[in-house]
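Reader: I have a model open and would like to learn how to read it feature by feature. Could you walk me through it?

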Amino acid sequence: MTMKPSPEHLLRIGMSFWNAKALLSAVEFGVFDALAETPADLRTLRAKLGLHERSARDFFDALVALKLLEREGGVYRNTPETDFFLVRSKPSYVGGLLEMANARLYESWGRLTEALKTGRRQSENKEEGDLFAALYADPERLRGFLSAMSGVSAGAANAIADKFPWKDYNSFVDVGAAQGMVPVTLARAHPHLVGVGFDLPQVQPIFDEFVAANGLAARISFRAGDFFADPLPQADVIIMGHILHDWDLDQKRLLLSKAYDALPPGGALIVYEALIDDERRENAFGLLMSLNMLIETAGGFDYTGADCQGWMRAAGFRETRVAHLVGPDSMVIGFK
Ligand SMILES: C[S@@+](CC[C@H](N)C(=O)[O-])C[C@H]1O[C@@H](n2cnc3c(N)ncnc32)[C@H](O)[C@@H]1O
C-alpha cells in the first residue's frame, strides 16, 4: 500500500513562527510572572497585563493549546515547566534567551534571505563588523545578552559539572564567561574548585553581581581582557562555551592555540557548543545556530566535533574526545 503524502510536516515547519512569536510575546508581557503571583481569570489577567480585549482570550487559549498554560474553570495558571523556567524572579529562569530572541533575533532573522545572498550579518549596526561592539554600546542590550547566555548555557553547565573528571583538577578559567552561569554551576557542584571568568571589561559588574547573588565571590573572580589582544589567564582547565562559533576559522585557530599556551602539561580545554553531527544531517539546532552566526557575526560559523578535534590536534593537543552534554549540546575536550 502506498502512503498518501501529507503536507503536515511542511506546514508545521513553515508556520512555526506563529508558535514562537506567541511564546516570545507571552514572555515580553510577563504572562508567566503574573500567573506565578496568582492564577487568574481572563478579565483579571487581561487587565493586569494591559492587553486589548479583542484577542486576549484567543492569545491565552492559544498558550493553553501550546501547553504553555493550563486553564481550569476559566482560571489560567502556569504549567509546572513554565512556572519553573519562565518566571523572572526564580533562579531557574531561562527566559533571557527568549527575551533576546524577541527583542533582536526575530527581526534580524526576517532578513535571512538577504544574509544568504550577501554573506553579510543582519543584526543591529549591520555595518559594524563586531557583534560585541554593537551589542555592548547599549547597557540594556548588554545586560539582556549576558542574561540570555545564562539561558543558553544552564543545561550544558550542569552536564559539564557531571561529565568532566573535576576531581583531578583544581582551577578553571571560563573564557568569555558572560554572566557567569558556567563558573557558578561548577563551583557549586565541586567545592574544591576555584575559578576565573574572563571577559571584556564591560561585563564585570554583571558578572560580579551574579556571582555574589549565588554566594560564590570567595571562589570565583573576574579577569577583564580581550582574548585576541591579551594572553589567556592560566588554569588547570580552560572552558570556551559558544565562543569559537562567533569567529572565522583563523580566529578559531588563534583562540585554540592561546588556550594551549595557557594550560600546564596535563591541563584540559573544554569547548562546548551545539556541535553539528559529523554527517551534518541530524542536529538541526546546531545547523540553524550556524545560520544564526551568519545573521549575527562577520565570519562566525558552527562546526562538527571532528572539525574541532582536527583544529585542537593542529594546535598541539595530544588527545581529544567528544562527549554529549544535553539536548543539542556537546563538548570537545583536548588534553595538553
Ligand atoms: C556567545 S557569548 C558566550 C557566553 C558563555 N560562554 C556561554 O556559553 O553562555 C560570547 C562571550 O564572549 C565574550 N567576548 C567577545 N569578544 C571578546 C573578547 N575579544 N575578549 C573577551 N571576551 C569576549 C562576550 O562578552 C560574551 O560574553
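Reader: Let me start with one residue: is His242 buried or exposed?

Author: Happy to help, and please keep in mind that this is a predicted model. For burial, count the other C-beta atoms within 10 Å; 20 or more means buried. His242 has 20 such atoms around its own, so His242 is buried. You will find His242 in the loop between strand E7 (237-241) and helix H13 (249-262).

Reader: And what is the phi of His242?

Author: First the general idea: most residues other than glycine have a negative phi. His242 is not a glycine, yet its phi is positive, about 55 degrees. Ala178 has a positive phi too, near 55 degrees.

Reader: Where is Ala178, then, and is Ala178 buried or exposed?

Author: Look at the loop that runs between strand E4 (171-175) and helix H11 (181-189). Ala178 counts as buried because 25 C-beta neighbours lie inside 10 Å.

Reader: Which residues come nearest to the ligand?

Author: There are 17 residues around the ligand, and those that come nearest are Met149, Ser153, Gly176, Ala178 and Gly241. So you have already met one of them, Ala178, in its turn with a positive phi. 

Reader: Which helix gives the largest share of that shell, and how do its residues divide by type?

Author: Helix H10 (residues 139-163) contributes three residues, the largest share of the shell around the ligand. By type, the shell has 10 nonpolar, four polar and three charged residues.

Reader: How many residues are in the largest nonpolar core, and which of them touch the most other members?

Author: The largest nonpolar core holds 85 residues, and Ile160, Val175, Ile238, Met240, Ile270 and Val271 touch the most other members. H10 gives the most to this core, with 10 residues. Domain 1 (10-85) and domain 2 (95-335) both supply residues, so the core lies between them.

Reader: What does Val271 touch?

Author: Setting aside residues up to four places away in sequence, Val271 touches Met240, Leu244, Cys308, Met331 and Val332.

Reader: How far apart are the centres of the two domains?

Author: Taken over C-alpha atoms, the centres of domain 1 and domain 2 are separated by 32 Å. Five residues from domain 1 and six residues from domain 2 make the contact. On the side of domain 1 that touches domain 2, three residues are nonpolar, none is polar and two are charged.

Reader: Which feature does UniProt place at residues 16-87?

Author: The unreviewed UniProt entry gives "domain: O-methyltransferase dimerisation" for residues 16-87. In the model, that span is 62% helix and 14% strand, and its end C-alpha atoms lie 23 Å apart.

Reader: Which residue does the UniProt annotation "active site" cover?

Author: That annotation, again from an unreviewed entry, covers His245. His245 lies in the loop between E7 and H13. His245 is buried, because 24 other C-beta atoms lie within 10 Å. Leaving aside neighbours within four places in sequence, its contacts are Glu273, Met289, Met293, Gly300, Phe301 and Asp302.

Reader: Let us try a strand residue. Why is Phe198 counted as buried?

Author: Phe198 is buried because 26 other C-beta atoms lie within 10 Å. Phe198 belongs to strand E5 (residues 194-199). Beyond its neighbours within four places in sequence, Phe198 is in contact with Val173, Asp174, Val175, Ala177, Arg223, Gly225, Leu232 and Pro233. Val175 is also one of the core residues that touch the most other members.

Reader: How far apart are Phe198 and Ala224 in sequence and in space?

Author: Phe198 and Ala224 are 26 residues apart in sequence, and 5.8 Å apart in space from C-alpha to C-alpha. For another pair, take His192 and Phe228: they are 36 residues apart along the chain, and their C-alpha atoms are separated by 30 Å.

Reader: And is His192 buried or exposed?

Author: Here the cut-off is 12 or fewer C-beta atoms for an exposed residue. His192 has 11 within 10 Å, so His192 is exposed. His192 sits in the loop between H11 and E5.

Reader: One last residue: where is Asn292 found?

Author: Asn292 is in helix H14 (residues 284-296). Asn292 counts as buried, with 21 C-beta neighbours inside 10 Å. The C-alpha atoms of Asn292 and Lys4 are separated by 35 Å, and the two residues are 288 residues apart along the chain.

Terms used
Residues are numbered from 1 along each chain as its sequence is written. This is a predicted model: local features need pLDDT of at least 70, side-chain atom pairs count only at pLDDT 80 or more; totals for chains, interfaces and linings use all residues. A residue is near a molecule or strand if its C-beta atom, placed from the backbone, lies within 6 Å of it. Helices (H or I, at least four residues) and strands (E, at least two) are DSSP runs, numbered from the N terminus. Ala, Val, Leu, Ile, Met, Phe, Trp, Tyr, Cys and Pro count as nonpolar, Asp, Glu, Lys and Arg as charged, and the others, Gly among them, as polar. A nonpolar core is a set of buried Ala, Val, Leu, Ile, Met, Phe, Trp, Tyr and Cys residues joined through C-beta atoms within 7 Å. Domain bounds come from an automatic or database domain assignment. Two residues are in contact if their C-beta atoms, placed from the backbone, lie within 7 Å. UniProt positions are given in the numbering used here, feature names are shortened, and annotations may be inferred rather than shown by experiment.
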